[in-house]
Amino acid sequence: MTTAHAVVDLDVTGDTISRHLYGHFAEHLGRCIYGGFWVGEDSPIPNVRGIRSDVVAALRALRIPNLRWPGGCFADEYHWRDGVGPRQDRPTMVNTHWGDVVEDNAFGTHEFMDLCEMLGADAYVNGNVGSGTVQEMSEWVEYLTRSGDSPMARLRRQNGRDEPWQVAFWGLGNEAWGCGGHMTPEYYTSLARRYATFCRDHDGNRLTRIAAGAADADVRWTHALMSSAVSSNTPDPQPSPYQAISFHYYTHAGTGIQRESATEFDRTQYFRTVAHATGVERVISAHEAVMDAYDPERRIGLVCDEWGTWWTVEPGTNPGLLFQQNTVRDALVAGIHFDAFHRHAARLRMANIAQTLNVLQAMILTDDDGGLVLTPTYHVYEMNSPHHDAALAPSHVIETPVVAVDGDELPLISLSASTREGTGLVSITHVGVDEPIDLAVDLRGRAARVTRARVLTGPDAAAHNTPEAPAAVAPVPLAAAVDADGILRLTLPPHAFATVELALD
Ligand code: AHR
């Protein structure tokens, strides 16, 4: 048996871990919207106004804080007026990015906002910079958020919605370096300023406008966007036209986006995946360093609005639809990301996993017969939900076994913690595959006792849930206790994610 040792400072109230770090992403891609969220009002699958009821219930149980829509790459070819008004009159289009399939616009603005209301989630609408006009984006904001009498408010009422909606987050295009228009950072920065200017705060609605930034650690985008955001403050001080900038980080097992199997991988591929997932912290730090130089007061937020694993599609499925299985390995990737996200909560204000249903690292896999499977990643979101809006409790892994991955040492234990009034949560990811680890966590500063401990694992790292075995990977109770010296002691099985809930004096 190997051992590991960590320390958590329960008496230090760190940065608030925004619940929006647990955000989601739903694109018109594959079966995320159509066949996922949207089954239509005439479907035999139970639904409310066309939206699948079991999916809503499962996501409400996660307290899903926000949902990004309609893309992704799709956002930059989406024209919102095609998706409002009577459904039978809506024009079709071709979704050129994803499968070249015909999009009938059955799911549009009203359906999305209805979904957000059912979920109790904030809307994150991603506007079209790549192929849309400033006027089009400006009018979409007006349509969604303006009360009183205005052309767009009138159009919204004609389409059946009297009151405006609240929209919290607004994306200014997507991946401008690639599918969003193959722009340079400088060109996009100018466009982002211009589009953001005309996305007005109507009435009581306050938009957080998010400029589309880098892939991975390409800080040229962060430099361009930050220098422009800050220089807008001189000589006549004006707030930055955008309030946050984004980056995307996908996990895979090799160099570049390798399309490897989601379920069939060897030891080398497994550890490379884990090592790649830990790289998200280096990427966040790179953007943070640039942002800190321009904006030490942290007025501009950092957003990771696409992250997750990207594997090859399941055999027999359309490669353009990005349908992949989800294993214990994916759950551990999520655990590692959340530990990093928590540690950087001062600057990182939101993160959105790609994607919620049936696409890439999904929470839920559905089928057209009404079947629904919760993935191992879903369970990580549920187990970690007490971190939402809690205060980071600083933690340090003092001693851990390591494994060599491509010449570097990968620690087998990752950990983070938070507190909220009289409660605490410690999340632990054990990425080793060979043996259990006896973990001792020195809980400093406050007396604590364990109220619940759970572990998520399977017979191997490729274990996953299917319609035939939907709970093959699901949380089960874990033995854990705090001893008389304030040391939390537990034994973690290999390839496992665990949470320990604490009552604090
Ligand atoms: O999430 C799938 C795609 O990945 C998104 O549409 C795009 O932004 C990214 O390249």
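1. A convenient place to enter this structure, which is a predicted model, is strand β17, where S395 is the bridge partner of V8. That pairing belongs to a set of four bridges by which strand β1, residues 2-9, and β17 are held in the antiparallel sense. As general background, strands of a sheet pair through backbone hydrogen bonds, and they may do so either parallel or antiparallel.

2. The two strands just named are part of an open sheet of five strands, whose order is β17-β1-β22-β26-β25 and whose pairing is mixed. The edges are formed by β17, residues 395-399, and by β25, each of which pairs on one side only. On average, and with direction ignored, neighbouring strands of this sheet are turned by 20° against each other.

3. Further along the sheet, strand β22 (residues 437-444) and strand β26 (residues 487-492) run antiparallel and are joined by six bridges; within β26, the residue opposite D442 is I487. On to strand β25, residues 480-482, three bridges connect this strand with β26, again with the two running antiparallel, and here V482 stands opposite L488 of β26. The hairpin made by β25 and β26 has four residues between its strands, and G486 in this hairpin takes a positive phi near 80°.

4. How many disulfides does the structure hold? There is one disulfide, and it joins C73 to C179, with an S to S distance of 2.2 Å. The torsion about the S-S bond of this pair is about -90°, so the disulfide is left-handed. Because C73 sits in the loop between β5 (66-69) and β6 (93-95), while C179 sits in the loop between β9 and α5, the pair ties together parts that are 106 residues apart in sequence. A reader may wish to note how each partner is placed: C73 counts as buried at 10% relative accessibility, whereas C179 is partly exposed, with a relative accessible area of 23%.

5. Two further cysteines deserve a remark. C199 is in no disulfide, and the nearest cysteine sulfur to it, that of C116, is 17 Å away; C199 counts as buried, at 1% relative accessibility. C304 is likewise in no disulfide, the nearest cysteine sulfur being that of C73, 15 Å away, and C304 is buried with a relative accessible area of 0%.

6. The loop between β9 (169-172) and α5 (185-197) also contains N174. Is N174 buried or exposed? With a relative accessible area of 2%, N174 is buried. A polar atom of the side chain of N174 lies 3.3 Å from the backbone oxygen of G72. Leaving aside neighbours within four places in sequence, N174 is in contact with a set of residues that includes both disulfide cysteines, C73 and C179, and among the others are R68, D76, N126, H248 and E306.

7. A last residue to inspect is S418, which is found in strand β20, residues 413-420. S418 counts as buried, at 2% relative accessibility. Which side chain is joined to that of S418 by a polar contact? The partner is H387, and the polar contact between the two side chains is 2.8 Å. When residues up to four places away in sequence are not counted, S418 touches, among others, I17, P386, H387, A390, T423 and L425.

Note on methods: Residues are numbered from 1 along each chain as its sequence is written. This is a predicted model: local features need pLDDT of at least 70, side-chain atom pairs count only at pLDDT 80 or more; totals for chains, interfaces and linings use all residues. Side-chain values use heavy atoms; hydrogens and water are left out. Two strands pair if DSSP finds at least two bridges between them. Buried means under 20% relative accessible area, exposed over 50%, partly exposed in between (1.4 Å probe, protein chains only). A polar contact is a pair of N or O atoms within 3.5 Å; within protein, one must be able to donate a hydrogen and the other to accept it, and residues adjacent in sequence count only if both atoms are side-chain atoms. Contact means heavy atoms within 4.5 Å. A disulfide is a pair of cysteine sulfur atoms within 2.5 Å. Axes are lines fitted to C-alpha atoms, for helices over the stretch in contact, and angles run from 0 to 180 degrees between N-to-C directions.
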